[in-house]
Amino acid sequence: KQWYQRRVRDCRPGTTTPSLECDAGFICLLGADSARPTDGVKGRKCPAGFYCEQGSITPIPCPLGTFRGIEEGAQESDCQACTAGLMCTSDGLTEPNEECSAGYFCPPGQFQPMKYKCPRGYYCPNGTAGDSPDDTDAGRRCR
């Protein structure tokens, strides 16, 4: 029992006792005794807007152009591409943070404002979505 108590205190962050790695989707702090801690002291679920690979001690923010609205992201692919018509202009987002600017359209995963100009002969109000960067039918046809 004494060895176990000492081992819990000496446990490296990102591991549990006895020296197991923290599960992906969770953060293990000093002295974690579970691979999926949720007490907020020894560890917690990976927060929304981030992902935590196996053995994580700090969450990794979802990159530009992506977001994650729920906890327990385990890998970068758990972050979803920003919704078409919207932008994700910073990392670690739980939802898209800007509408696409008027005169432009935004395909999924967009993070740069005014990157894709509305096609000739079309009108693009704020929040115009496009299927892809080379979408030639984005917006509303001018009459």
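The following exercises, each with a worked solution, concern a predicted model of one protein chain.

Residues are numbered from 1 along each chain as its sequence is written. Because the model is predicted, local features need pLDDT of at least 70 and side-chain atom pairs count only at pLDDT 80 or more, whereas totals for chains, interfaces and linings use all residues; side-chain values use heavy atoms, with hydrogens and water left out.

**Exercise 1. Confidence**

Determine the average pLDDT of the protein chain and state where pLDDT stays under 50.

Step 1. The term pLDDT denotes the predictor's confidence in each residue, from 0 to 100. Its average over the protein chain is 85, and 84% of the residues score at least 70.

Step 2. Residues 1–10 are the stretch in which pLDDT stays under 50. For residues 1–10 the model has eight contacts (heavy atoms within 4.5 Å) beyond four places in sequence.

**Exercise 2. Overall architecture**

Describe the secondary structure, burial and surface of the protein chain.

Step 1. Helices (H or I, at least four residues) and strands (E, at least two) are DSSP runs, numbered from the N terminus. The protein chain has one helix and 12 strands. Along the sequence the pattern is α-β-β-β-β-β-β-β-β-β-β-β-β.

Step 2. A residue is buried under 20% relative accessible area, exposed over 50%, and partly exposed in between (1.4 Å probe, protein chains only). Of the 143 residues in the protein chain, 34% are buried.

Step 3. By the Shrake-Rupley method with a 1.4 Å probe, in which only the protein chains shown count as cover for residues, the protein chain exposes about 8,400 Å². Carbon and sulfur atoms supply 48% of this area.

Step 4. Among contacts between residues at least 6 apart in sequence, 33% join residues at least 24 apart.

**Exercise 3. Disulfides**

State how many disulfides the structure holds, and give the handedness of the links Cys22–Cys28, Cys46–Cys52 and Cys62–Cys79.

Step 1. A disulfide is a pair of cysteine sulfur atoms within 2.5 Å. The structure holds six of these links. With the bonded cysteines numbered in sequence order, the pairing reads 1-2, 3-4, 5-6, 7-8, 9-10, 11-12.

Step 2. Cys22 is joined to Cys28 with an S to S distance of 2.3 Å. The torsion about the S-S bond of Cys22 and Cys28 is about 80°, so this disulfide is right-handed. Both Cys22 and Cys28 are buried.

Step 3. The sulfur atoms of Cys46 and Cys52 are 2.1 Å apart. The S-S torsion of Cys46 and Cys52 is about 75°, so this link is right-handed. Cys46 counts as buried because its relative accessibility is 0%, and Cys52 is buried with a relative accessible area of 0%.

Step 4. The sulfur atoms of Cys62 and Cys79 lie 2.0 Å apart, and the link is left-handed, with -75° about the S-S bond. This pair links distant parts of the chain, 17 residues apart: Cys62 is in the loop between β6 and β7 (66–67), and Cys79 is in the loop between β7 and β8 (80–81). Both Cys62 and Cys79 are buried.

**Exercise 4. Polar side chains in loops**

Identify which backbone atoms lie close enough to the side chains of Ser56 and Asp39 for a polar contact.

Step 1. A polar contact is a pair of N or O atoms within 3.5 Å; within protein, one must be able to donate a hydrogen and the other to accept it, and residues adjacent in sequence count only if both atoms are side-chain atoms.

Step 2. Ser56 is located in the loop between β5 (50–51) and β6 (60–61). Ser56 counts as buried because its relative accessibility is 9%. A polar atom of its side chain lies 2.5 Å from the backbone oxygen of Glu53.

Step 3. Asp39 belongs to the loop between β3 (26–28) and β4 (43–45) and is partly exposed, with a relative accessible area of 47%. A polar atom of the Asp39 side chain lies 2.7 Å from the backbone nitrogen of Lys42; for the backbone nitrogen of Gly43 the distance is 3.4 Å.

**Exercise 5. Positive phi**

Locate Glu72 and Met114, and state the phi of each.

Step 1. Most residues other than glycine have a negative phi.

Step 2. Glu72, although not a glycine, has a positive phi of about 70°. Glu72 lies in the loop between β7 and β8 and is partly exposed at 30% relative accessible area.

Step 3. Met114, also not a glycine, has a positive phi of about 60°. Met114 is in the loop between β10 and β11 (122–123) and is exposed, with a relative accessible area of 51%.
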